[in-house]
Amino acid sequence: MGRKASEQRARVVTALDQLRHQLGLALGSAANARIAAETELAKLELEQRIVRAGIDRSAGDPAIAEQAGDPAMSGVLSWLDTVRRQFYTEWGDGPNRLRELVAASAPGPAGRPPGDWLGRVGSYSGVTTPELWRIGSATVDGSSAGQTAGVELTFDVAVPLLGESHISITSAPPGATTQPRASVDALVENLLTRVLSTFEPGAVRVHLWDVGQLTAVLPNFYALGRTSALTVHDPTRLVDLLDELAGHIRRIHAYTMQAGHTSLQSMRKATGKRVEPWRIAVLYGNGEPLQPEQLRDLKRVASGALAAGISLVLVDVPTALGGSVESISLIDERRAVCSMTGTDLVVQLDPPLPGGQVNRAAARIAEALIAKQGGPRSFADLLPAELGQEHSGRELRAPVGFYEGEAVEVVIGDASPHVLIGGPSGSGKTNFLYSMLGSLTARYSPDELALYLLDFKEGVSFAGLAPGRKDASWLPHARLVGVNVNTDREFGLALLRFLADELRRRSAAAKDHEVTNLAELREQDPEGHWPRIVAVIDEFQYLFAGRDTVTALATSLLEDIARRGRSQGIHLVLASQDVAGIEAFWGKPAVFEQCTLRIAMPKARRVLAEANQAAVAAPRWHAVINHDSGVAHGNQLAHIPDASAKGVFPGLQQRLWERYASGHQQPRLFDGAHAPLLEEATAFTSLVPVARPRALLGQSIDVAEVAQGVELSGAPGRNVAVLGTATKEAVSILDSATRSLANQFRQGDVEFVLTCLVESCEPAVNELADWLATTGHKVEVVPGSDLPARVSALAGDLGSGAIRRMLVLYGADAALPALEQKAPGQQSGLDHLRALLKQGPSNGLHVIGWWRGTARLKDTLGFGGTDDIGAWAALDVQGNELSPFSAGQVVHWSPRSGRALFFDRSTHASPEVIIPFHRPEAEEHDD
Ligand SMILES: Nc1ncnc2c1ncn2[C@@H]1O[C@H](COP(=O)(O)OP(=O)(O)OP(=O)(O)O)[C@@H](O)[C@H]1O
């Protein structure tokens, strides 16, 4: 047991020794690893301190020297030396390469010495821009570039700006004294002069704002203040400048996006056009923080500005802007440090440019800009080199005027589907419309653009677009030209109905092709005819001129077209003498709001947003074009060329006509001042004998040229009454009814029985009778005194079926006393006339009579009711008198010269206005 126990113990002791040994080893290696790590850390810290202080300077730093003297740290210096040598091998060429880089990225005035360019007008179009702009130079000692110590190596220092970066300049680094204003001004002036001298005049706009000064900001640029190249802003109104910039950003963003580009810069590259000027806003602060809301606005502007071609140059405005900002801090009057070169390098700023020379250079640029604007441009400048080259699938886009030599466009498309134009009388609305229509029609062929033009004012503003007596040419894009429509509000309604129908047709087609807008429909249906439609309604407020059904219908149709026309390529252009027109929108905000493109002629009120005063200040023959519903940031002022001068528009029309007329129909002309001639109406000239003839009473007020008539079938009530005292119109209606019927019968199949009871109509009746006779028809003119007997004879003949008869009574009411007479036990002439009215139609006889009052017609009809008069045309008769003849419905009718209200029970839901045909001879026999 004893031996066994001691052996056991020995084994335990040995095991413990081994364990102790192992533990000792483990602890020892951990301590070594720790020492190694600590040494490495110390080396890295030392390396960092040396790098921070600079290798050369660190030798003079006792703390670093002591640490570096530690043998454990011996490798640090030699390692850093190796790194430096490697770096200098590359950097040895650095200053040279920098010089080359700046020369390539800052060509011409952007980087060259002023002697090479100052005073010359730049030529860059602005589609692209230099990437860097020189501000000065920096110098390093040769030793630091691996070259001979003491040799100075100088290279250019330039900063990015346009499209790349904002610049923040500090005239006093924290804790240092503020440098004199002249030093900062020299820096800013040099930079701006380089920019302004690089580009062609007008390609850059500079905005200056100085919290402390109203006028004397960068006075050497004074001459540019006469032009749009330079604007000095009110020191108290930073908000206005920021608003303006924000407006540009929104506007530019919107249209570049719509055109499918991510930024203005990419749009410029893709289109090869500058499109917008570059903009630089210089803001001089005083080192004090801006007010919180100003700061917020500034930051917002800064974040979107670069993509819109706007750069900010902030001087002593303490703020941290998002996005790309280069900083320049002055350390004394001529030296600065900047973020491009880092804090170790001091930039020697370029000396101030000689004030006088800057002054002269600015004056020269201003002169060149004014010369380039070239005074008022002409209508010809709006036209493209070649006609009809554009496609309207996505939108319509055309210049309408010029601002400082640059074309200002209107865009009619998804984003700005409808247009509202306002301006007092004589301010140039009509001229604007012609400029716009000219520019559009010159760019888009009639297959791309169809025009419907309506002018409610008296006058013939669009008449020349339809073929005329003097000028046979017409505008091939015009489908409809309506002039002198002032009293025919129904014509406006007809146009709106037509547009609403077209809208439905397009929606249905879009649905069939499973697309949602015109652009897609045209892609899916390339064979279809889907031009964009522009409907111009001048003095559109007439549509809403009464509290009646026309107004109610016009409102709902306009709202529908305004809302849905956008996607179907149907666009409204509503023009008005401002206030009246705009007030017409009260209660109809839907239409007003959809008119996002606003055109305000000088002094126009309420067309733009309330606070937007641009139209008040607009000079003569200018317009404010605003695609943003009239909000100030969308303002674009444009001089509108004179499109109304003699021969100007007709010249273009002639060219368009020669090019397109053969493949396109001429437009329909509706002239409210001229009634159509029956002999010229297709409805009349195309008549042929038929079984159920129609008596034509007049022209419909419609987009298409349609005549209105009454079908004289055998159904009961197929008689026609003309009501009212207006002789000329009444005679015209009876005349056209008779002549048109005559042309629908073969000779011998019909007999016309005419009676004239109004003396003044006799010549017209005789002339008609002669005409009927010469056309070979049977005609009998019954003297008034013989009428009762003739009526009785005709009644007796009813049912014989021998021949169709038309009894045409001129002034039927005058025959009443004679007709009412009756011999005892016999029927009166009136009884027989009633029999003709009742039974005539089914027996081939129809009465077409003119009664000069509704009461007389009622007397004629007796107690049998009004059913025997199936159709009527009312002249100077009040609406309420007509209710009994139109199934009791309320009739709105304000009689007007040259128009009749027509109702046919068998075809009409409610009466409609017609234009009786013009009878040339009628004037001579007027009452
Ligand atoms: N941009 C322009 N340049 C030169 N003359 C112009 C210009 N615009 C209009 N005019 C002239 O001014 C006159 C009035 O213009 P316009 O008929 O276009 O005005 P309006 O606003 O339509 O007036 P109204 O409503 O009374 O018809 C015309 O004789 C026209 O020749």
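**Notebook: strands, domains and a ligand shell**

I began with a single pair of residues and found that Leu901 stands opposite Val913 in β31. Leu901 led me to its strand, and I noted that β30 (residues 900–904) and β31 (residues 912–915) pair in the antiparallel sense over 3 bridges. I keep in mind throughout that this is a predicted model.

I then looked up the sheet that holds these two strands, an open sheet of 10 strands with mixed pairing, whose order I wrote down as β23-β22-β31-β30-β29-β24-β28-β27-β25-β26. Its edge strands are β23 (707–711) and β26 (778–782), each of which pairs on one side only. Ignoring direction, I read an average turn of 25 degrees between neighbouring strands of this sheet. I also followed helix α20 (residues 727–742), which packs on the sheet and touches several strands, including β22 (694–700), β24 (720–723) and β30, while its direction makes about 130 degrees with that of β22.

Next I turned to another sheet. Here I listed 10 strands that form an open sheet with mixed pairing, in the order β2-β1-β10-β9-β8-β3-β7-β6-β4-β5. I marked β2 (152–160) and β5 (230–232) as the edge strands, since each pairs on one side only, and I noted that the twist averages 25 degrees from one strand to the next. Within this sheet I checked β4 (residues 204–210) and β6 (residues 278–284), which pair in the parallel sense over 7 bridges, and I saw that His207 stands opposite Ala281 in β6.

I wanted to know which residues of strand β18 are buried on either side. In β18 (residues 597–600) both faces are covered, with Leu597 and Ile599 buried on one side and Arg598 and Ala600 buried on the other. Strand β13 (residues 419–422) pairs with β18 in the parallel sense over 4 bridges, and there Val419 stands opposite Leu597. Strand β19 (residues 622–626) pairs with β18 in the antiparallel sense over 3 bridges, and Ile599 faces Ile625 across that pairing.

For the ligand, I recorded 13 surrounding residues, of which the closest are Ser425, Gly428, Thr430, Asn431 and Trp621. I sorted the shell into 2 nonpolar, 9 polar and 2 charged residues.

Last, I set down how the protein chain is divided, namely into domain 1 (24–90), domain 2 (94–373), domain 3 (415–599 + 616–662) and domain 4 (710–925). Between domain 2 and domain 4, I noted that the C-alpha centres lie 87 Å apart.

Key: Residues numbered from 1 in each chain as written. Predicted model: local features only at pLDDT ≥ 70, side-chain atom pairs only at ≥ 80, totals over all residues. Pairing = 2+ DSSP bridges. Axes fitted to C-alpha atoms, helices over the stretch in contact; angles between N-to-C directions. Near = placed C-beta within 6 Å. Nonpolar A, V, L, I, M, F, W, Y, C, P; charged D, E, K, R; others polar. Domains from an automatic or database assignment. Buried ≥ 20, exposed ≤ 12 C-beta atoms within 10 Å, placed from the backbone. Contact = placed C-beta atoms within 7 Å.
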